[in-house]
Each structure stands twice: as structure tokens, then as C-alpha cells.
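Visitor: Please take a close look at a single part of this model, the open sheet and what lies against it. I would like the pairing set out first, and then whatever else helps to place it.

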Amino acid sequence: MADSRARVAVIFGGRSVEHEVSVLTGLQFLSALDPDRYLGMPVYIDPQGRWWTGESLRRRGFYPVEGAKFDELKAVTLPVGLKVEGRPSLLHARRTLLGEKIETLTYDIAVPALHGSHGEDGTIQGLFEFAGIPYAGPRTLGAAAAMDKHFTKELLRRHDIPVLPHALVHRPFDVHFVEERDVLPLVERTLGPDPFPVIVKPRRLGSSVGVQAVRDRDALIAAVNAIFRLDNAALVEPLVPDLVEYNVAVRRQQGSLTTSAIERPLRPGEGVLGFSDKYLAGADGTPKIEEAAGEGLADQNREINPADLSEQQERLIREAARTAFAAFDLAGSARIDFLCNGATGEIWLNEVNAIPGSFAYYLWQVAADPVSFTELAHLLIEEGFELHRRAHG
């Protein structure tokens, strides 16, 4: 008897600097799948961009994948345009005594559990659209637009959502570094004659990657040049004093937008939370891939629905988050991050994360109307199928 469960290809890893976090998200999503509804198929993209599948990929202890571990896996390719009985497939070429034999691995829908470049930025979404493959999460335009922090601010300003002012510094075409004269006048024109301290961040990398707080001219130039090794443009914006951060997730439910619980990440020191603060385990910088599926990211300390948040602030955060989700025409579970001056109560929208770590399930399971990760996974998959039907018939 044929298995009626939908086969879900969960794609994780990738060539982004957020590779390890993506592995954690992918494994958590696989573990959360309802076995009565879905069959999960792990698809791992290694740092070189090669695609693999195999049951060993489900084990947290299998990572990092290196050396002889690849012998346990199947190298696969995505054949654009090829479908088997109407279903998308992956191909595995294996050698036999009679030559090479092609094995076809079919699935029904793809779930990109990829963060940052080549996964959260619209690239893999565009590939799925081109190939006619159903997939969960944001569509191509929304993912690409939300990844661009400069474009994000410009769009949000049009919707009267408060965002911090920023200077956009481009890397010159003919050199790989800039000097003070290339940066400081631009920053001072935008932020004022005495702009420090400031935050410097890449324009198009994932949440918190490459973000630095700097307090003088030399540190500013060093930070901008460091970003130019990762991206071709940098944003410089004021460092909010008495900084408090708030995050909330948004998704579409029965045609309307709903928001999760609000979290206040507890910072270990001054400035905004960096990449390692949010996603890595500890002082050695080791990614905490071994976490259980029921845990959040890297045991991050957080306060849920913080008591210091006024009704007016909460209303602003939820309304701005829903407006941003709609403005970018997002799908799936997005996380919207805010900055707040704890002394004055002023709030600014900071970032839109189209595919957040762990799909922000930890904010949904403690929402006013709680949703388990298993149910959230189901809702995201069913939404993916529906969006595909609307786009492709």
C-alpha cells in the first residue's frame, strides 16, 4: 500500500557564515514533523555548495560532516525541470558493475531552513520558482528585499515605521579598502558632526553577522573595511543608548496576520547582540548543534513578554511587525527585531528576518494562543502548498 504522507525535503547548511545555525534549524524542523502526516528527508548543503542526503544527517553528533562521514551519504543534484509522476526529485548517481546508475529521490515540498546568503536572500526561492517546486516560507521578492538592510529601512520609512537614520557606505570598485576621507564626511552628513558611538553592519548579510559597535574614527574605518571583506556595502547608524532589544514573530493565519509572544534578549554586555551572542554556545564559539528539538537557540537568555514593556510600546511593536510583514509580502514565520532606548522608551524597527533561527518556534509555543513546533511545521508546509497552487495552478 502506497504511503499517503507528504515527503518533505528539509534543506539546511549552505555556504553562508550561518551554516551551523542552519544545521540546528534543519534538525529541529525534521524532529518536529508530525510522523502521521509527513516523511522528512534531510538535505544537507555543505560549505562548498554540494548537496547530500542520508539518514545519518539526522544525528546531531554527525556534525561537522567531514572526511569519511561523506561515505555514509548520497551526493545529490537538483534537476531543474525534471519531475517524476508530477513530483520534484533529487538525483543520485551511483556506480555499479554495469556502469553508472541514476537513483531518483522524489519529494512533495521543500522547506528551506537556510539562513543568510544563498538561502534567506531569495536565491534558492528563485530556483524553486523557476523549477516549479512547492516550497515553504517567504517568496523570492520578500526574502531578497528583507535581506537588504538599506532597502528595508527605505521601505519601512514609507510606511511610517520608525527606523534609525543611517549612512550607506559603498565599497569602491577599484580598491578593496577605504580611508577616513571616504567614510567620515558621509557619516557626519547623515548622523551629525559628532556621530560616535555608532553601529556598523553589512548591508546584505544575515541577522547580526559582522555587526560592530565603534566609538572613534579609527575603529569606524577598521570596521567598514572588515565588512568589505564580506559585503560590498556597509550601514552606519547611531548606537542607541540604554539599549534594550525586543523581538516578535509574525505569520499569516486564516488570512490575517498574527503575532507571537515578545521576547527581550538579555545582553551579556554593551551594544547590540552579536552573531555569537545569539547563536553560538559559549566562549569557544562552538555551535550548539546538539541541542534537543524542544530547546531554543543556544540557550539564549531571554525574558518573555517583559514586564518593562508598556501597553503603548507593545502595541507599536505588534503593529509595526505586522505592517513590515505585509509590506515585504512575506510568508512562513518571520521574526521582526526592534531596538529601544530604555531611558526614553523610543523604539525603532531594526531588522526583518525572513527565515529566523529555529523558525522562531520558541516564540509561538509561549504565545497567547500557543502553537507547538509540530503544529507550526504543519502550518508552514500547508501554506507552502497553497502558495504554490495559487502561483502555478
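Guide: What follows describes the open sheet, then a second group of strands, a pair of helices and one loop residue.

The model is predicted. The open sheet has five strands, in the order S15-S14-S13-S16-S17, and the pairing is antiparallel. At its edges are strand S15 (302-304) and strand S17 (347-353), each of which pairs on one side only. From one strand to the next, the twist averages 30°. Strands of a sheet pair through backbone hydrogen bonds, either parallel or antiparallel. Between strand S16 (residues 334-341) and S17 there are six bridges, in the antiparallel sense. Here Phe 338 stands opposite Leu 349 of S17.

Helix H8 (residues 311-327) lies across four strands of this part: strand S13 (243-253), strand S14 (256-265), S16 and S17. Relative to S14, H8 runs at about 125°.

Next comes strand S12. Five of the six residues of S12 (residues 233-238) are buried, so this strand is largely enclosed by the rest of the structure. Buried here stands for under 20% relative accessible area. S12 is joined to strand S9 (residues 167-170) by four bridges, and the two run antiparallel. Val 169 has Ala 234 in S12 as its bridge partner. S12 is also joined to strand S10 (residues 198-202), by five bridges and again antiparallel. In this pairing, Ile 199 stands opposite Glu 237 in S12.

The helix pair is H5 and H6. The axes of helix H5 (residues 180-191) and helix H6 (residues 217-227) come within 10 Å and cross at roughly 105°. Angles of 65 to 115 degrees count as roughly perpendicular, and H5 and H6 are therefore roughly perpendicular to each other. On the H5 side, the contact is made by Glu 180, Val 183, Leu 184, Val 187 and Glu 188. H6 contributes Arg 217, Leu 220, Ile 221 and Val 224. Sorted by class, the contact of H5 with H6 has six nonpolar and three charged residues, with no polar ones.

Last is a loop residue. Pro 35 sits in the loop between helix H1 (19-32) and strand S2 (38-45). Its relative accessible area is 52%, and Pro 35 is therefore exposed, the cut-off for exposed being over 50%. Pro 35 and Ala 6 are 29 residues apart in sequence, and their C-alpha atoms are 10.0 Å apart in space.

Definitions and conventions: Residues numbered from 1 in each chain as written. Predicted model: local features only at pLDDT ≥ 70, side-chain atom pairs only at ≥ 80, totals over all residues. Heavy atoms only, no water. Axes fitted to C-alpha atoms, helices over the stretch in contact; angles between N-to-C directions. Parallel < 35°, antiparallel > 145°, perpendicular 65-115°, else oblique. Contact = heavy atoms within 4.5 Å. Nonpolar A, V, L, I, M, F, W, Y, C, P; charged D, E, K, R; others polar. Pairing = 2+ DSSP bridges. Buried < 20%, exposed > 50% of the residue type's maximum accessible area, 1.4 Å probe, protein only.
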